[in-house]
Amino acid sequence: MSELLQFLLSGITVGAVYALVALGFTIIFNASGVINFAQGEFVMLGGMSTVFLLDAGVPMLPAAVAAIAIACAVGIALNKLAIQPARGASVVTLIIITIGASIFLRGAAQIVFDKQIHRFESFSGDEPFVIGGATILPQSLWVMAGAVAVFAGLYLFFTRSLLGKAVLATANNPLAARLVGVNTNFVMTLSFAMSAAIGAFAGVLVTPITLTSYDIGIALALKGFAAAVLGGMGNPFGALVGGLLVGLIEAMTAGYISSAYKDAAAFIVILAVLFVMPHGIFGRATVERV
Amino acid sequence: MRTLSPKYATLIALIALIALAPLFFPSTFYYRIGALIFINGLAVIGLVVLIGYAGQISLGHAGFAGIGAYACALGPIHLGLAPVLSLVLGAVLSGAIAWLVGRPILRLRGHYLAVATLGFGILIYIVLNNEAQLTGGPDGMPVEGLGLRGLLESAGFAVKASKLWYWLAALVMLAGALLALNLHDSPTGRALRSLHDSEVAAHTVGIDVARYKLTAFVISAVYASVAGSQIALMNEFVSPDIAGFLHSIELLTMTVLGGAAMVFGAVIGATILTALPQVLTALQDFEHIVLGLIMMLVMIFMPEGLVPSLARLVRRRPR
Amino acid sequence: MSLLSVTGLGIGFGGLTAVGKVDFSVEPGEIVSLIGPNGAGKTTLFNMISGLYLPDRGRVTLDGEDVTAMAPHRLAARGLSRTFQNLQVFLRMTVLENVMAGRHLAERGPILADLLALPGSRRRSRATEAAARKLLARVGLERGAERDASELPYGALKRLEIARALASGPRLLLLDEPAAGCNAVETGEVDQLIARIAGEGIAILLVEHDMKLVMKISNHIIVLDHGEKIAEGAPGEVARNPKVIEAYLGSQGGKEAAGALD
């Protein structure tokens with residue numbers, strides 16, 4: 001029983017990170033229809049920038065804020081320089097542009113930072129709490145709380161603020177949104193900035209547990225993308241559920257079957273779900289109009 | 001006067017490329033790169049059928065290259081098959097797996113198809129990585145060579161392995177190009193291209209859309225498998241990276257960079273992306289930055305790929 | 001036995017009924033028109049008959065065979081073909097290839113033969129090309145057959161779709177607004193083309209807003225409103241039907257329909 005609880009806790013911790021990455025995919029997808037494979041690089045940028053700012057003597061909080069700001073700037077630049085100029089290109093073309101961006105950012109990181117593996121101190125020490133026979137690191141609680149805060153904040157943003165509603169309107173129908181006066185270009189830029197910030201935030205939270213290096217982005221992007229699709233592309237709630245599911249499946253497989261096959265289990269479940277629900281768990285089936 | 005048909009124009013251009021390139025090789029090392037280009041070119045021509053003709057996407061085709069490569073590694077050891085027969089076995093196996101997996105996967109569209117193919121490729125990679133007692137795990141395993149060189153030597157012809165592979169890979173790629181070009185203007189090719197443009201319309205004129213998507217998937221899987229086998233046989237070594245996500249992306253980028261809609265464009269894409277890293281290693285730490293930049297710039301400014309975009313530029317010029 | 005018979009056919013989207021329960025039939029060689037105000041459910045009905053939408057209720061039979069919800073490509077093999085209101089042309093193919101693709105059922109063969117360009121495959125392609133050129137001539141597009149379809153003007157694309165639909169050798173042709181967006185001259189051409197096709201014994205089910213055209217060429221008219229059939233009959237009867245006039249009241253169609261008969 002305590003074993004199961006242990007796997008659940010670690011699954012939720014990892015799942016929370018996947019959920020945040022998946023959320024980043026979803027926000028950009030809704031605003032622009034683009035799958036941003038550079039999403040994982042934002043997580044890397046968040047962690048790595050914090051590491052190097054800490055080394056430079058900046059205290060934790062300002063370092064984290066600055067790291068998130070750096071990722072934001074990179075996200076905005078990515079949108080302005082690479083995505084908007086290619087508007088209207090095919091899905092494959094856009095996928096290659098964002099993969100190119102991901103390779104570029106990884107290359108830049110290995111020069112600006114280095115190729116070592118880094119971590120920094122946990123926010124509240126490394127003394128684990130014991131719950132029902134299972135242990136959990138204080139940093140895991142930070143990760144979970146961070147994810148809850150992001151999802152709750154985003155929910156309020158989309159339902160309560162005019163700007164949030166403008167973003168939703170753009171996702172639903174960009175042309176109609178433009179006609180009623182929404183600045184869809186600004187919405188796109190905002191979405192890239194938000195996704196980058198969320199990714200970097202996840203990077204800051206999780207680095208003390210999983211460590212970071214210049215090349216962690218691609219694996220996270222694959223998991224996050226898979227989680228977003230599992231939940232139903234374009235649905236923030238689906239991103240949450242998809243992320244947690246992938247995290248839990250991995251933890252359970254690693255715990256009960258084989259850690260070597262934890263990634264395989266996640267993808268087998270995703271394939272199985274897509275075979276039954278071709279639009280993901282919460283995705284909308286669309287009727288093609290002819 | 002009738003102009004040369006695209007099929008023969010492409011074949012002549014490819015033959016010229018193959019025959020003339022060695023004149024500029026400063027050393028035999030370049031034959032090896034040439035062979036790699038043609039092997040990648042073959043896999044990419046398969047993807048032209050899938051992406052360029054039928055309009056479907058795959059982020060997992062390296063998985064089939066992995067199946068082909070490990071068939072050549074394992075066939076001689078466990079089944080006592082000759083290397084060439086192992087290659088054929090790998091191709092048949094890849095085709096069969098593509099047929100089985102493709103049926104459910106190809107019902108998906110766009111990003112969902114991308115994730116499903118991605119997942120499939122990663123699964124193959126994980127299996128190859130983890131079944132160490134069979135595959136040698138992440139360290140890879142040796143592969144028995146083709147034995148062609150020994151055969152030639154005993155007949156009195158001494159050829160360097162790299163030269164032999166250059167001509168062999170070129171021949172296989174030409175054959176692959178010929179088949180893909182034949183397909184383009186055949187009834188099957190028209191069916192594939194029409195479902196690319198409008199699935200509903202293709203459906204209503206009697207085209208069994210699911211069946212033709214599956215056909216393209218199987219064909220491209222066989223191409224990728226043969227390419228994978230060749231890499232294993234040429235290197236006489238194989239590791240799971242051949243099935244990895246990055247290899248899938250590499251193949252996809254080659255296809256689209258040169259121009260997915262045409263065989264010639266894709267071969268140019270394969271040439272550039274195979275040769276580029278050799279050039280970029282001189283840049284050392286800047287290798288990734290430059291590679292990423294090139295991918296982005298080409299796709300932003302030439303979304304249809306290099307060759308079609310350049311061709312249009314030439315055509316538009318006043319005569 | 002009717003060529004096409006539709007009984008109690010209906011569908012809803014997200015709780016809203018798009019088509020209620022519609023019955024009608026088409027006899028061999030007949031031109032039947034479906035008319036009604038925008039949103040009456042005409043295209044939805046087409047999409048159900050041609051297998052693109054899964055109906056919630058009702059039956060479609062072709063020559064007595066139940067073909068409800070049959071996949072479109074199997075319907076094509078049974079002689080049902082269609083065009084689209086919002087064009088669905090194969091824009092990356094040439095004009096000729098568009099029509100050749102339409103002859104898929106006659107030209108398809110073993111894939112291996114196509115890969116190897118065996119004589120059989122080439123023969124099928126040649127036969128298809130000849131047939132496609134004839135069809136292009138029939139719709140007046142024989143010139144510039146090698147051009148990309150994307151280069152054609154709108155009216156020509158409409159005719160290209162008809163040629164492609166004819167290439168599959170239909171006994172029943174569904175035309176969704178073939179004259180929409182065409183000028184008077186082009187409408188006249190479409191009018192003649194439809195009459196010629198019908199003259200060859202191909203039954204036509206037509207959705208069209210141009211009332212003059214509808215009144216002139218239809219043998220039989222079915223009027224839809226809010227997803228229900230409100231009237232049917234010969235053009236003269238329908239135009240005088242008070243229900244029809246009510247449905248069209250104030251709209252241009254009603255006046256045109258009445259005017260077309262004078």
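**Exercise 1. The contact between chains B and C**

Find which side chain of chain C meets B:R193 in a salt bridge, and place this pair within the interface of the predicted model.

*Solution.*
Step 1. The partner is C:E97, and the N to O distance is 2.9 Å.
Step 2. A salt bridge requires a side-chain nitrogen of Lys or Arg within 4 Å of a carboxyl oxygen of Asp or Glu. The pair B:R193 and C:E97, at 2.9 Å, meets this cut-off.
Step 3. Between chain B and chain C the count is three salt bridges.
Step 4. For the contact as a whole, 27 residues of chain B touch 33 residues of chain C.
Step 5. The size of an interface is often given as the accessible area lost when the parts come together. Here about 2,600 Å² is buried between chain B and chain C, with 61% of it on carbon and sulfur atoms.
Step 6. On the chain B side, 25% of the area buried against chain C comes from B:R190, B:T204 and B:V205, more than from any other three residues.

**Exercise 2. A helix pair in chain B**

How are helices α1 and α13 of chain B oriented to each other, and which residues make the contact?

*Solution.*
Step 1. Helix α1(B) covers residues 6-20 and helix α13(B) covers residues 263-280. Their axes come within 9 Å and cross at roughly 25 degrees.
Step 2. Angles under 35 degrees count as roughly parallel, so α1(B) and α13(B) are roughly parallel to each other.
Step 3. From α1(B) the contact uses B:T10, B:A13 and B:L14, and from α13(B) it uses B:V263, B:F264 and B:V267.
Step 4. Sorted by type, these residues are five nonpolar, one polar and no charged.

**Exercise 3. The sheet of chain C**

Give the strand order of the six-stranded open sheet in chain C, identify its edges, and state which helices lie against the sheet.

*Solution.*
Step 1. The order is β6-β7-β8-β3-β9-β10, and the pairing is mixed.
Step 2. β6 (80-82) and β10 (228-233) each have a single partner strand, so they stand at the edges, and one side of each is left without a neighbour in the sheet.
Step 3. Direction ignored, neighbouring strands are turned by 20 degrees against each other on average.
Step 4. Within the sheet, β3 (residues 31-35) and β8 (residues 203-207) of chain C pair in the parallel sense over four bridges. C:V32 stands opposite C:L205 of β8(C).
Step 5. Helix α7(C), residues 154-167, packs on the sheet and touches β6 and β7 (172-176), making about 160 degrees with the direction of β7(C).
Step 6. Helix α8(C), residues 184-199, lies across β3, β7 and β8 and runs at about 150 degrees to β8(C).

Definitions and conventions:
Residues are numbered from 1 along each chain as its sequence is written. Chains are lettered from A and ligands numbered from 1 in the order in which they are written. This is a predicted model: local features need pLDDT of at least 70, side-chain atom pairs count only at pLDDT 80 or more; totals for chains, interfaces and linings use all residues. Side-chain values use heavy atoms; hydrogens and water are left out. Axes are lines fitted to C-alpha atoms, for helices over the stretch in contact, and angles run from 0 to 180 degrees between N-to-C directions. Helices (H or I, at least four residues) and strands (E, at least two) are DSSP runs, numbered from the N terminus. Angles under 35 degrees count as roughly parallel, over 145 as roughly antiparallel, 65 to 115 as roughly perpendicular and the rest as oblique. Contact means heavy atoms within 4.5 Å. Ala, Val, Leu, Ile, Met, Phe, Trp, Tyr, Cys and Pro count as nonpolar, Asp, Glu, Lys and Arg as charged, and the others, Gly among them, as polar. Two strands pair if DSSP finds at least two bridges between them. Buried area is the accessible area (1.4 Å probe) that two parts lose on being put together, summed over both.
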